[in-house]
Amino acid sequence: MSENVDKDDESGAVGASGLFGASVDCEEAVHVLYHYLDGELTEERRTEIRVHLDWCGPCSGAAGFEAELRKVIANRCKDRVPDSLIRRVAEAIDEESKQHHGEH
């Protein structure tokens, strides 16, 4: 994990990430984006990424796009497998299991 903290530049200004402690760069934010969207990060790590996304337009846009894409895919992929197919697959597995156990 990157522990870069923005330092005062020659003008004495402090970058936004310096105000919040450890900063996350764009490469790191994109690298963990899917884990962030899936809720697989610690609360501290989620906060670090959220701060970056709040301040970085391109990364925020990428996160928004990915989140929206996931919603579209989830809404479009609601096909239901027919019960007859589920039964046929279960019967085939059962038959294969019986034959396999009978051979030993």
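**View 1. The whole chain, a predicted model with 19% of its 104 residues buried.** Buried here means under 20% relative accessible area, exposed means over 50%, and partly exposed is in between (1.4 Å probe, protein chains only). This is a predicted model, where local features need pLDDT of at least 70, side-chain atom pairs count only at pLDDT 80 or more, and totals for chains, interfaces and linings use all residues. Residues are numbered from 1 along each chain as its sequence is written, and side-chain values use heavy atoms, with hydrogens and water left out. The protein chain has 6 helices and 0 strands, and reading from the N terminus the order is α-α-α-α-α-α. Helices (H or I, at least four residues) and strands (E, at least two) are DSSP runs, numbered from the N terminus. Take the contacts with a separation of 6 or more: 44% of them come from residues 24 or more positions apart. A contact means heavy atoms within 4.5 Å.

**View 2. Helix H5, residues 57–76, and its two sides.** With 20 residues at 1.5 Å a residue, H5 should span 28 Å, and its end C-alpha atoms are indeed 28 Å apart. That expected span is 1.5 Å times one less than the number of residues. Cys59, Ala63 and Glu66 of H5 are buried. They sit on the same side of H5, because they cover an arc of only 65° around the axis; the arc is that of the directions from the helix axis to the C-beta atoms. An α-helix has 3.6 residues a turn, so residues three or four places apart point the same way. Over on the other side of H5, Gly57, Pro58, Phe65, Lys71, Asn75 and Arg76 are exposed. The buried residues of H5 pack against H2 (26–31), H3 (33–37) and H4 (43–55).

**View 3. Where H4 meets H5.** The two helices pack at an angle of about 110°, with axes 6 Å apart. That makes H4 roughly perpendicular to H5, a label for angles of 65 to 115 degrees. Axes are lines fitted to C-alpha atoms, for helices over the stretch in contact, and angles run from 0 to 180 degrees between N-to-C directions. H4 brings His52, Leu53 and Trp55 to the contact, while H5 brings Gly57, Cys59, Ser60 and Ala63.

**View 4. Helix H4 up close, with Arg50.** H4 has 13 residues and reaches 18 Å from its first C-alpha to its last, close to the 18 Å expected at 1.5 Å a residue. Its buried residues are Arg45, Glu48, Ile49, Val51, His52 and Leu53, and they pack against H2, H3 and H5. Arg50 is partly exposed, with a relative accessible area of 35%.

Notes. Angles under 35 degrees count as roughly parallel, over 145 as roughly antiparallel, 65 to 115 as roughly perpendicular and the rest as oblique.
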